[in-house]
Amino acid sequence: MEETITQGFLPPVMADLLIFVSLAMNVILMIVVAYGILTRNQDGRFQKLEDKIKKVADDLKTLENKVREIKPQKIVDTLPEIQAFGINKNEPRPTAEENNSALWKKFIESYNHIAASMLVPGQLKACQKFVEDNGLRMLQYAGMMNFIPALDVEESNFWLWKMSPDTNLYAVVPNPMKPCTEELYERGGLKIVFAMDYKDGIYKKYIVDTPAIFTIDSSNQWKLKDPGVVDLARK
């Protein structure tokens, strides 16, 4: 840290000492004056002593004021730059979206793998195992932006994966066992939760590009934080 010092004719320690002496003399003067008032009628010598101490105190007060004016002061030109250990400030920092994607990327890869095999026999057991292995929560859409818990893997509309133990953010994907129909798209919540290229008819496969992000508040109400992006395939 660079410093610029305004120079005076007294070093800092001496300046502080003179200020202390001045204050001490004022205290002594107060004691003498008080004692003189009590004993003035008995001994006039205290009047002369009082006058001398007052003169010395006045001189010290004048010197004290001059010392305060010229006392050296530190002027900080630059402040030390604090940098967290192990962080290079010159490296680009990831955005919040990039940090989130690092959390759910592997989960989405696993989901897309299982979603691509829905035409293979045994899909229900495979999905149940996927839900259990990943500790997923399941929701259904109840209308008016309300999402309620679902107990059945096959009947649920959305699967939710908690992104980390110390957060209330959940990566949300559609149930791959339920093909995207007009009913599910318009009234089942898919249209609200995901941006998807639905036109008409039935789409049997979901390919999640980015999951939707849900939060849950202290009253266990689910809220859509960020919509996801899903591609649809008819076969």
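Modeller: A strand here is a DSSP run of E with at least two residues, and strands are numbered from the N terminus. The model is predicted.

Biologist: Then where is N220?

Modeller: N220 has a positive phi of about 60°, although it is not a glycine. Most residues other than glycine have a negative phi. As for its place, N220 is in the loop between β9 (212–216) and β10 (222–226).

Biologist: Is N220 buried or exposed?

Modeller: Exposed means over 50% relative accessible area. N220 has 55% relative accessibility, so N220 counts as exposed.

Biologist: What is the phi of M144?

Modeller: M144 is found in the loop between β3 (137–143) and β4 (146–149). M144 is a residue other than glycine, yet its phi is positive. The value is near 55°.

Biologist: Why does M144 count as exposed?

Modeller: The cut-off for exposed is over 50% relative accessible area. M144 counts as exposed because its relative accessibility is 75%.

Biologist: Now the whole chain. How many helices and strands does the protein chain have?

Modeller: The protein chain has 235 residues, and buried residues make up 33% of them. Its accessible surface comes to about 15,800 Å², with 57% belonging to carbon and sulfur atoms. The secondary structure comes to 6 helices and 11 strands.

Biologist: Among contacts between residues at least 6 apart in sequence, what percentage join residues at least 24 apart?

Modeller: A contact means heavy atoms within 4.5 Å. Among contacts in the protein chain between residues at least 6 apart in sequence, the share joining residues at least 24 apart is 55%.

Biologist: Which residues of helix α4 are exposed on the face turned away from its buried side?

Modeller: Helix α4 spans residues 123–133, and C127, F130 and V131 are buried in it. These three are on the same side of α4, because they cover an arc of only 95° around the axis. The face turned away from that buried side carries the exposed K125, E132 and D133.

Biologist: Which residue with a positive phi follows α4?

Modeller: Look just past the helix. The phi there is near 60°, and the residue that follows α4 is G135.

Biologist: How many residues of strand β6 are buried?

Modeller: Both faces of β6 are covered. On one side L169, A171 and V173 are buried, and on the other Y170, V172 and P174 are buried. For strand β6 (residues 169–174), the count is 6 of 6.

Biologist: Which residue of β6 stands opposite L160?

Modeller: Strand β5 (residues 158–162) and β6 run antiparallel, joined by 5 bridges. A hairpin through 6 residues links β5 to β6. Opposite L160 in β6 stands V172.

Biologist: Which residue of β9 stands opposite A171?

Modeller: β6 also pairs with β9, in the antiparallel sense, over 4 bridges. Opposite A171 in β9 stands I213.

Biologist: Which are the edge strands of the open sheet with the order β7-β11-β8?

Modeller: This open sheet has 3 strands, and the pairing is mixed. An edge strand pairs on one side only, and here the edge strands are β7 (194–196) and β8 (205–210).

Biologist: By how many degrees are neighbouring strands of this sheet turned against each other on average?

Modeller: Direction is ignored for this angle. The average turn between neighbouring strands of this sheet is 35°.

Biologist: Which residue in β11 stands opposite A195?

Modeller: Strand β11 (residues 228–233) pairs with β7 in the parallel sense, over 3 bridges. Opposite A195 in β11 stands V229.

Conventions:
Residues numbered from 1 in each chain as written. Predicted model: local features only at pLDDT ≥ 70, side-chain atom pairs only at ≥ 80, totals over all residues. Heavy atoms only, no water. Buried < 20%, exposed > 50% of the residue type's maximum accessible area, 1.4 Å probe, protein only. Areas by Shrake-Rupley, 256 points an atom, 1.4 Å probe, with all protein chains shown as cover. Pairing = 2+ DSSP bridges. Axes fitted to C-alpha atoms, helices over the stretch in contact; angles between N-to-C directions. Arc of directions from axis to C-beta.
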